[in-house]
Amino acid sequence: MKVVVVGAGYAGTFAANRVAKKVKGAEVTVVNARPEFVERIRLHQQVAGTATVATPLTGMLRPGIAVRIGSVEKIGDGTVVLDDGESLAFDHLFLAVGSTVRALPGTVPVGTWEGARQARAELAALPGGSTVTVVGGGATGVETATEVAEARPDLRVRIVAPAVADCLSGGARRRALAALDRLRVETVDDGVTEAADGMVRLRSGRELDSDLTLWGIVAGVPDLAARSGLEVDADGRAVVDAYLRSVTDPRIFAVGDCAGVAGARFGCQTAAPQAQAAVDALARLAEGREPEPYDLRYVARCVSLGRKDAVAQFTHPDDSLKDSHLKGFTAVAFKRMVFTGTRYITRKAVSA
Ligand SMILES: Cc1cc2nc3c(=O)[nH]c(=O)nc-3n(C[C@H](O)[C@H](O)[C@H](O)COP(=O)(O)OP(=O)(O)OC[C@H]3O[C@@H](n4cnc5c(N)ncnc54)[C@H](O)[C@@H]3O)c2cc1C
């Protein structure tokens, strides 16, 4: 059985390793845009220079898995076409192309490897006293603003969003806002409509000086599913059945950020469990057994606040927030466990 995995982030790498481990006789080929595995949940550290978060992809994959570096242009009837014009045949395909950023011109995106590398270089070149603006008040924006402010106390850092840290609630949100305050990050409750050399313009019409503007928002998914004729939802994610198979072509499983699962949020906490459920469904089908449906389950939302602080608010399985949260060193340890644990289970393809 020929299995092609498109995209080697958390979902694709996990899926490739688990197919190689669990589906007898499968020949697995991974197609990824770059030869590195990027720990995307740590890109804010890449930006601030507190870690280097890419490792060779081959080191993350089980022996015997073939790797093609390139971009898939189109998925056809049992084949994928790469950007170099070559095509690969498949019996089953895992679509794991993740999510994208739609950065405003004049800003540097945090949520892509290329953007994070550029941001790191531009940040390192900024003289003391310069101003950095982080756009976006979700987890990515807050993690970036606090990481940069802690690593570069000689800079003026601000975060601009209509509602900063609103991915958290109650005491957990207050804790995140207090950390921004402690690290002297200025919070501006507004939106950015334009960014150009040395300034940002806000929705309210105000203009602020900004030597480097970082786009800390992850939104949208690559249009590969849509342009390949697969049914997609309003967000462009591939519509799937209970076993994460495309409703257009059941040979194709969609996993991770690009899978159209109601109630799912972008997260490594979504990627690995979906990859596990989809591969296990394929393994069962290949053995003539009934597959088990995917069951969405969340545990917590965990936001780092620099290297010495973090907050982790617990959630119900449907991702709605509970009142309880961890803070300080306990939350820092929890967050470390999230990224080391995720990396481990992705490489080993053990139960997520
Ligand atoms: C700064 C930051 C912090 C985050 N923190 C957290 C966190 O603490 N917890 C959490 O749960 N989530 C977090 N997230 C979100 C999380 O990173 C994503 O949800 C997760 O990476 C999704 O995994 P994925 O495998 O679906 O996609 P990705 O990790 O984005 O991987 C997709 C891969 O597919 C490749 N690709 C795309 N198109 C093609 C193509 N046409 N052909 C070949 N390859 C292609 C990409 O290059 C990439 O390698 C964070 C995100 C950011 C940016």
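Trainee: Why is Arg 201 called partly exposed?

Mentor: In this predicted model, Arg 201 has a relative accessibility of 25%, and because partly exposed covers the range between 20% and 50%, Arg 201 is placed in that class.

Trainee: What makes the contact of Arg 201 with Glu 194 a salt bridge?

Mentor: The side chains of Arg 201 and Glu 194 meet with N and O at 2.4 Å, and since a salt bridge requires a side-chain nitrogen of Lys or Arg within 4 Å of a carboxyl oxygen of Asp or Glu, the pair is counted as one. Glu 194, at 34% relative accessibility, is partly exposed. The structure holds 31 salt bridges.

Trainee: Why is Asp 249 called buried, and why is Arg 251 called partly exposed?

Mentor: Asp 249 has a relative accessible area of 11%, and because buried means under 20%, Asp 249 is called buried. Arg 251 stands at 27%, which lies between the limits of 20% and 50%, so the term there is partly exposed. These two residues form a salt bridge in which the closest N and O atoms are 2.9 Å apart.

Trainee: How do you know that Arg 301 and Asp 319 form a salt bridge, and where in the chain do they lie?

Mentor: Their side chains meet at 3.2 Å, N to O, and the cut-off is 4 Å, so the pair qualifies. The pair links distant parts of the chain, with Arg 301 in strand 21 and Asp 319 in the loop between strand 22 and strand 23, 18 residues apart. Arg 301 has a relative accessible area of 19% and Asp 319 one of 7%, so with the limit for buried set at under 20%, Arg 301 is buried and Asp 319 is buried.

Trainee: Is Ser 320 buried or partly exposed, and where is it placed?

Mentor: Ser 320 is in the loop between strand 22 and strand 23, and at 31% relative accessibility it counts as partly exposed. The C-alpha atoms of Ser 320 and Ala 300, 20 residues apart along the chain, are separated by 9.3 Å.

Trainee: How do you know that Cys 268 is not bonded to Cys 302?

Mentor: The sulfur of Cys 268 is 9.5 Å from that of Cys 302, the closest cysteine sulfur, and because a disulfide needs two sulfur atoms within 2.5 Å, the separation is too far for a bond. By the same rule the count for the structure comes to zero disulfides. Cys 167 is likewise in no disulfide, the nearest cysteine sulfur, that of Cys 302, being 11 Å away. Cys 268 is buried at 15% relative accessibility, and Cys 167 is buried at 18%.

Trainee: What makes the phi of Ala 165 worth a remark?

Mentor: Most residues other than glycine have a negative phi. Ala 165 has a positive phi of about 60 degrees although it is not a glycine. It is in the loop between strand 12 and helix 5, and its relative accessible area of 1% is under 20%, so Ala 165 is buried. Leu 244 also has a positive phi, of about 70 degrees, without being a glycine. Leu 244 is in the loop between strand 18 and strand 19, and its relative accessible area of 1% makes it buried.

Key. Residues numbered from 1 in each chain as written. Predicted model: local features only at pLDDT ≥ 70, side-chain atom pairs only at ≥ 80, totals over all residues. Heavy atoms only, no water. Buried < 20%, exposed > 50% of the residue type's maximum accessible area, 1.4 Å probe, protein only. Helix = DSSP H or I, 4+ residues; strand = E, 2+ residues; numbered from the N terminus.
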